[in-house]
Amino acid sequence: MPTKNPKLKSSKAPKLFKYYAGFAVDFVESAVHKTLSDMEICNKIVVLDPWNGSGTTTNTCSKLGIPSIGIDRNPVMAVVAKAREARNRNFEYLNLLCEELATPPAKDDPLLAWIAPSGVAILRSIEKKIRNLSTEQDRSLGYVLLFNLTKNLLKKYVSSNPTWIKKPETRSRIRPTKQSIKLELENCIKRAQSDENLHSQATSTIITADSRFLPLKDNVVDLIITSPPYCTRIDYAIATSIELAVLSCSEAEFLSLRNELIGSTLVENGISQTNEWGSLCCETLNKIRAHPSKASNGYYIKSFLRYFDSLYKSIIEISRVTKNGGICYIVVQDSYYKEIFIDLAAITTDMFITNKWSLVEQNDFIATRNKAAINTKSNKYQSNKIATESVLTLRRES
Ligand SMILES: C[S@@+](CC[C@H](N)C(=O)[O-])C[C@H]1O[C@@H](n2cnc3c(N)ncnc32)[C@H](O)[C@@H]1O
């Protein structure tokens, strides 16, 4: 068995940022060690995670002293991944924050959707201090504190489903005082300081980019450790809309992010399935199209076509940048559309095989389906709260 359970709870999990889609540090460590011993080359490999999320792959590689590249289309995830490699955990610079005079926020500040101008002004004055920090990692850690602080202030708008964040009417926006913000910030700082897994020598390069257009040369990667977005219409942009507002992401940027994130709820016209995706993928899509329930042959088939099209384009790119003989560990979770089983492990394997990879091994683990992945409206179909998480080990053939 090459790998540990990718979702096993680990004492090494970061306390810094709660991320519902992350995988375990132990899993990445075991995948790297296994590859190093199999390839008989010590540490001279380049690791890529094209869906890097909170940066478990890149941070673990940094701890092991191995160069890595982490790519994620969501700019929030790049900040989180970089923050895990910050060296400066002396947050004294923030202590003076509330002494400073806050200037009124810009009229189009996205935080104004939840917070009255006086509160936004205080948060932006904290941001000003963070921007003055000297390294990118330290600035990122500052931003993650600001994410956590803002999310704590907005707790009542965040439901247990991470993709459901409410926006109040203008008159009901929160009006936090300096004192309450200071208290929250102190809590966030304490939490960050108790996270023993932050210190490391950064050997990673974190890039905000689309996995369908990897900004890398051909044949440069030895090992891929990754987990693609779920095939369950989870909108990662909505799930991080508060953090994106902290980063001053405009409405237009938010929309283009939603358009480019794989698995989002937006659909696109004009995508047709192709045999290159494999026979199982095509059969599954045909079943979805023929399902008698409302919109199966409309909205839903379009959203699945978009998902598989993006997954396939990303696999083409992963194949292009990987050296011959390179290894890919990819963690996928199965799912259902109504009662139709979506065997993502087998579909993904087919797509890799079309692109000149061979399946070395598949290890299956029982997992609890992510809450956001469960369609609570369709109880009659919900016999499937238990999911199988598969670790596929693939080798790039010449
Ligand atoms: C399952 S999560 C990866 C979690 C990661 N393994 C961890 O430990 O945190 C999938 C990630 O894919 C990212 N993603 C979605 N569409 C993308 C795209 N087109 N290009 C790059 N990243 C994308 C999402 O932002 C999300 O962070």
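Let's start at one ring in this predicted model: Phe 341 is partly exposed, with a relative accessibility of 36%. Tyr 336 is partly exposed too, at a relative accessible area of 34%. A search of the whole structure turns up six aromatic pairs. Tyr 336 and Phe 341 form a tilted pair, because their ring centres are 5.4 Å apart and their planes meet at 50°. Now look at Phe 352 and Trp 357, whose ring centres lie 5.2 Å apart; their planes stand at 90°, so this pair is edge-to-face. Here both partners are tucked away: Phe 352 is buried at 0% relative accessible area, and Trp 357 is buried at 3%.

Ring pairs also link Tyr 299, Tyr 300, Phe 304 and Tyr 337 into a cluster. One of these rings has a charged neighbour, as Lys 338 lies over the face of Tyr 300, 5.7 Å from the ring centre.

From the rings, let's move to strand 2, which spans residues 68-72. Five of its five residues are buried, so the strand is largely enclosed by the rest of the structure. In a regular strand, side chains alternate between the two faces of the sheet. In strand 2, Ser 68, Gly 70 and Asp 72 point one way, while Ile 69 and Ile 71 point the other way.

What does strand 2 pair with? Strand 1 (residues 47-49) runs parallel to strand 2 and is joined to it by three bridges, with Asp 49 partnering Gly 70. Together with helix 2 (residues 56-64), these two strands make a right-handed β-α-β unit. Strand 3 (residues 204-208) also runs parallel to strand 2, through five bridges, and there Asp 72 stands opposite Thr 208.

Notes: Residues numbered from 1 in each chain as written. Predicted model: local features only at pLDDT ≥ 70, side-chain atom pairs only at ≥ 80, totals over all residues. Heavy atoms only, no water. Buried < 20%, exposed > 50% of the residue type's maximum accessible area, 1.4 Å probe, protein only. Helix = DSSP H or I, 4+ residues; strand = E, 2+ residues; numbered from the N terminus. Pairing = 2+ DSSP bridges. Right-handed = clockwise from strand over helix to strand, strands pointing away. Phe/Tyr/Trp six-rings, centres within 6.5 Å; stacked < 30°, edge-to-face > 60°. Lys NZ or Arg CZ within 6 Å of the ring centre and 35° of its normal.
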